[in-house]
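Please open the structure in your viewer and keep the selection tool at hand. The tour below proceeds by selections, each followed by a description of what is found there.

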Amino acid sequence: MYKYKLIKNLSFVMIAFVALVFPAKTFSWPREGSPEISQGKYFSITLDKGIDAVYVAEKLNYDYLLHPESALDLTATTHDSILAKTLDSLYLEVSDILDLHSYNYHGSIHFVKDQAAVRKIFAKYFGKEFSERSFFLQEENIIFISSEDLTLGMLGHEIAHAIICHYFVAPPPTKTQEVLAGYVEYSLRKKAGSLPVIINQ
Ligand SMILES: [Zn+2]
């Protein structure tokens, strides 16, 4: 009981600490000039100017029909809708890996040009430097990701963060989330055969 209280108090302190260290500013999204191009069941997708859906889908190299729940759905006819279906299917696969199923989830994914663009958006929200190629902004339920560096594992990692934050009323500590998201990334890379040979065996 005492232990539980202590843990509970500690988690409040941690949340307060994170909120102090990363005070997110609020901005409305999508920005002007980046119109919503595609609406999936689980994601609204926007692409920065100059990035097309085919480029993104090719980089992901993920057949949306591979997921059992998508196998009977042949309604995608345009490149944009194929990308939306691909991301819906990836969402279901990440849910399966985590065994966390939230069928009422809906978030956003914004594909930007490169790491510099991701860094710029991060700086706008948090006023800090950022060297990663993607991040999930919990406050607005949106994933920002560099198209230039895009991989299936990287996007799966961010989708895992989105699912975890949506599923749990009080999201688990950052380290726990990273372990789970890292496991999703590892699983997707293993399945796609993109792990270094020594790990893939
Ligand atoms: Zn992460």
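**First stop: a pair of bridged residues**

Select S134 and I145; the bridge partner of S134 in strand β5 is I145. The model on display is a predicted one. Now extend the selection to the whole of β4 (134-137) and β5 (142-146). These two strands run antiparallel and are joined by 4 bridges.

**Second stop: the loop of the hairpin**

Between β4 and β5 there is a loop, and N141 lies in it. The hairpin formed by β4 and β5 has 4 residues between its strands, and N141 adopts a positive phi near 55°. Is N141 buried, exposed or partly exposed? A residue is called buried when 20 or more other C-beta atoms lie within 10 Å of its own, and exposed when there are 12 or fewer. N141 has 17 C-beta neighbours inside 10 Å, and therefore counts as partly exposed.

Next, display the surroundings of N141. Which residues does N141 touch, once its neighbours within four places in sequence are left aside? The contacts of N141 are then with G107, S108 and A162. Add H106 to the selection as well: H106 and N141 are separated by 35 residues in sequence, while their C-alpha atoms are 8.4 Å apart in space.

**Third stop: strand β5 and its other partner**

Return to β5 and show its side chains. Of its 5 residues, 5 are buried, so that the strand is mostly covered. On one side are I142, F144 and S146, on the other I143 and I145, and both faces are covered.

Now select β3, which runs parallel to β5 and is joined to it by 5 bridges. Two of the pairs may be picked out individually. S108 has I142 as its bridge partner in β5, and F111 has I145. I145 thus appears again, having already been met as the partner of S134.

**Fourth stop: strands β3 and β2**

Keep β3 (residues 107-112) selected and add β2 (residues 43-47). These strands run parallel, with 5 bridges between them. G107 of β3 is the bridge partner of F43; G107 is also one of the contacts of N141. In β3, 5 of the 6 residues are buried, and the strand is mostly covered.

How many residues of β2 are buried? The count is 5 of 5, and β2 is therefore largely enclosed by the rest of the structure. F43, I45 and L47 lie on one side of β2, with S44 and T46 on the other, and all of them are buried.

**Fifth stop: helix α3 and the helices packed against it**

Hide the strands and select helix α3 (residues 79-98). A packed pair of helices is described by the angle between the two axes and by the distance between them.

Begin with helix α2 (residues 53-60), which packs against α3 at an angle of about 35°, the axes being 9 Å apart. The crossing of α2 past α3 is left-handed. On α2 the contact involves A53, V54, V56, A57 and L60, and on α3 it involves H79, D80, I82, L83 and T86. Sorted by class, these residues are 7 nonpolar, 2 polar and 1 charged.

Next select helix α5 (residues 152-167), whose axis comes within 10 Å of that of α3 and crosses it at roughly 70°. The two helices are therefore roughly perpendicular to each other. The crossing of α3 past α5 is right-handed. L90, Y91, V94, S95 and L98 of α3 meet L155, G156, I159, A160 and I163 of α5. This contact has 8 nonpolar and 2 polar residues, and no charged ones.

Finally, select helix α6 (residues 174-192), the axis of which comes within 10 Å of that of α3, with a crossing of roughly 115°. This crossing is right-handed. V94, I97 and L98 of α3 make the contact with L180, V184 and S187 of α6. Of these residues, 5 are nonpolar, 1 is polar and none is charged.

**Last stop: the whole chain**

Show everything once more. The protein contains 7 helices and 5 strands, arranged along the sequence as α-β-β-α-α-β-α-β-β-α-α-α. Of its 201 residues, 29% count as buried. Among contacts between residues at least 6 apart in sequence, 66% join residues at least 24 apart.

Key
Residues are numbered from 1 along each chain as its sequence is written. This is a predicted model: local features need pLDDT of at least 70, side-chain atom pairs count only at pLDDT 80 or more; totals for chains, interfaces and linings use all residues. Axes are lines fitted to C-alpha atoms, for helices over the stretch in contact, and angles run from 0 to 180 degrees between N-to-C directions. A crossing is left-handed if the near helix is turned anticlockwise from the far one by less than a right angle, and right-handed if clockwise. Two residues are in contact if their C-beta atoms, placed from the backbone, lie within 7 Å. Ala, Val, Leu, Ile, Met, Phe, Trp, Tyr, Cys and Pro count as nonpolar, Asp, Glu, Lys and Arg as charged, and the others, Gly among them, as polar. Angles under 35 degrees count as roughly parallel, over 145 as roughly antiparallel, 65 to 115 as roughly perpendicular and the rest as oblique. Two strands pair if DSSP finds at least two bridges between them.
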